[in-house]
Amino acid sequence: MGACDLVRSADAQQSGDGTVFVAGLPMPRFERIGVEPISGACGAEISGVDLREPLDDNVRAEVMTAFEQFLVLVFRDQPLTPEQHKDFSSHFGEIMELPQAPTYGSHEDMQEVRREADEPENVVPSFEHFHTDSPFLARPPGTIVMRALEVPRFGGDTAFANAYLVYEHLSDGMKALLDDLQIVYSGKHIWANNAKLPPEKRLRLRERHDFSEDEMESIHPAVRVHPRTGRKALYATTAYFQRFVGWSDEESRALLDYLQGLAQRLHYHCRVKWRQDTLIVWDNRFLLHRGVHDFKYERRHLIRTTVMGERPIGPADAAA
């Protein structure tokens with residue numbers, strides 16, 4: 001079975017026949033990279049890879065296997081230039097711009113997440129719950145590649161929730177209901193809503209972009225299907241959510257609140273502590289995330305590339 005042979009792991013669960021499960025799947029064997037699971041739900045720290053150098057085919061294949069398995073990979077001590085950051089990102093697909101996220105210096109194809117020591121936590125659009133980035137786009141981000149330039153002495157972690165596991169633990173009745181639902185996501189009113197806030201409460205947003213108004217709203221399935229494996233994940237989050245198609249606002253909010261509450265459960269999570277030159281790559285399609293703004297009077301500066309994903313596929317499309 002090669003790279004997909006099964007191995008034992010102290011952080012995983014072992015079935016009666018010796019098969020080791022982590023992140024909801026049998027654990028592959030890795031021979032060219034070090035892989036240390038962060039939790040039983042998702043996430044792994046990767047060692048033995050210098051991202052300043054081109055990846056050979058075998059290392060790249062194992063990184064991609066780990067990415068599909070764990071959904072979020074953590075590479076420590078990676079002092080990359082912006083071009084090296086982009087080169088690594090290109091392994092995951094085409095780098096895209098975002099309409100709302102502030103760009104990093106002269107790099108319009110990179111974004112920054114920055115909070116100065118004297119700024120309130122609300123300056124960063126972190127939302128109050130686990131979310132997926134920019135679901136209002138027709139082809140939302142597939143992968144996020146983020147690196148730390150400056151971090152607080154403590155705090156400021158990023159937490160992740162495995163949306164596959166959230167869906168897989170639902171009752172059959174709830175799965176059947178969600179499999180048929182679609183969601184309207186919209187980013188049309190981000191700037192207008194931000195302008196209504198007092199200056200000290202406003203988010204740091206990109207000042208201008210080339211996206212049309214029609215590109216700022218999309219309808220996507222509430223359950224997303226992986227285009228290759230067919231595995232299903234919950235794709236319903238509060239960020240940019242408007243309503244379920246055919247439902248009232250009140251009905252939509254009641255169901256969304258229930259689903260959002262499920263994503264808060266700790267047994268779906270991993271949590272990553274940032275250090276300078278830590279690079280994290282995560283699957284924005286099947287993983288939820290949120291920043292933890294539990295620090296004060298210190299600077300936190302992260303930069304990222306965003307890789308375009310496919311148009312979300314729902315159960316009906318997958319079965320066609």
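**Exercise 1. The side chain of Gln69**

Determine which backbone oxygen lies 2.8 Å from a polar atom of the side chain of Gln69, and describe the surroundings of Gln69 in this predicted model.

*Solution.*

Step 1. The backbone oxygen in question belongs to Val22, and the separation from a polar atom of the Gln69 side chain is 2.8 Å.

Step 2. A further backbone oxygen, that of Pro26, is found 3.4 Å from a polar side-chain atom of Gln69. Polar contacts are accepted for N or O pairs within 3.5 Å.

Step 3. Gln69 belongs to helix α1, which spans residues 57-70. Its relative accessible area is 6%, so Gln69 is classed as buried.

Step 4. When neighbours within four places in sequence are set aside, the contacts of Gln69 are Val22, Ala23, Leu25, Pro26, Met27 and Pro28.

**Exercise 2. Positive phi at Ala23 and Tyr240**

State where Ala23 is found and what the place of Tyr240 is, then give the phi value and the burial of each residue.

*Solution.*

Step 1. Ala23, one of the contacts of Gln69, sits in the loop that runs between β2 (20-22) and β3 (25-26). Its phi is near 60°, which is positive although the residue is not glycine.

Step 2. The relative accessibility of Ala23 is 0%, and Ala23 is therefore buried.

Step 3. Tyr240 occupies the loop between β15 (232-234) and β16 (241-244). Here too the residue is not a glycine, and phi is positive at about 70°.

Step 4. With a relative accessible area of 15%, Tyr240 is assigned to the buried class, for which the cut-off is under 20%.

**Exercise 3. Packing of helices α4 and α6**

Classify the orientation of α4 with respect to α6, and identify the residues by which the contact is made.

*Solution.*

Step 1. Helix α4 covers residues 172-179 and helix α6 covers residues 249-263; the angle between them is about 125°, and their axes are 14 Å apart.

Step 2. Because of this angle, α4 is oblique to α6.

Step 3. The crossing of α4 past α6 is left-handed.

Step 4. Helix α4 contributes Met174, Leu177 and Leu178 to the contact, while α6 contributes Leu255, Tyr258 and Leu259. By class, the contact residues comprise six nonpolar, no polar and no charged.

**Exercise 4. Thr306 and Ile144**

Find which side chains form polar contacts with that of Thr306, and establish how the surroundings of Thr306 and Ile144 are connected.

*Solution.*

Step 1. Thr306 is part of strand β20 (residues 300-308), and its relative accessibility of 0% places it among buried residues.

Step 2. The side chain of Thr306 makes a polar contact of 2.6 Å with that of Gln111, and another of 3.0 Å with that of Arg304.

Step 3. Apart from neighbours within four places in sequence, Thr306 contacts Glu94, Ile95, Met96, Leu98, Gln111, Pro141, Thr143 and Ile144.

Step 4. Ile144 lies in strand β10 (residues 141-150) and is likewise buried, at a relative accessible area of 0%.

Step 5. Beyond four places in sequence, the residues touched by Ile144 are Asp133, Ile280, Val281, Trp282, Asn284, Arg304, Thr305 and Thr306. Arg304 thus appears both as a contact of Ile144 and as a polar partner of Thr306.

Step 6. The C-alpha atoms of Ile144 and Val307 are 6.2 Å apart in space, although 163 residues separate the two in sequence.

**Exercise 5. Ile183 and its contacts**

Decide whether Ile183 is buried or exposed, and list which residues Ile183 touches.

*Solution.*

Step 1. Strand β12 (residues 182-186) contains Ile183.

Step 2. The relative accessibility of Ile183 is 0%, so the residue is buried.

Step 3. Residues up to four places away in sequence are not counted; Ile183 then touches Ser218, Ile219, His220, Ala222, Tyr235, Ala236, Phe241, Arg243, Phe244 and Val245.

Step 4. The C-alpha to C-alpha separation of Ile183 and Val223 is 9.7 Å, for a sequence separation of 40 residues.

**Exercise 6. Accessibility of Gly40 and Ala319**

Assign an accessibility class to Gly40 and to Ala319.

*Solution.*

Step 1. Gly40, in the loop between β4 (34-37) and β5 (44-47), has a relative accessible area of 45% and is partly exposed.

Step 2. Ala319, in helix α7 (residues 315-319), has a relative accessible area of 69% and is exposed, the threshold being over 50%.

Note on methods:
Residues numbered from 1 in each chain as written. Predicted model: local features only at pLDDT ≥ 70, side-chain atom pairs only at ≥ 80, totals over all residues. Heavy atoms only, no water. Axes fitted to C-alpha atoms, helices over the stretch in contact; angles between N-to-C directions. Helix = DSSP H or I, 4+ residues; strand = E, 2+ residues; numbered from the N terminus. Parallel < 35°, antiparallel > 145°, perpendicular 65-115°, else oblique. Left-handed = near helix turned anticlockwise from the far one by under 90°. Contact = heavy atoms within 4.5 Å. Nonpolar A, V, L, I, M, F, W, Y, C, P; charged D, E, K, R; others polar. Buried < 20%, exposed > 50% of the residue type's maximum accessible area, 1.4 Å probe, protein only. Polar contact = N/O pair within 3.5 Å; in protein donor to acceptor, adjacent residues only side chain to side chain.
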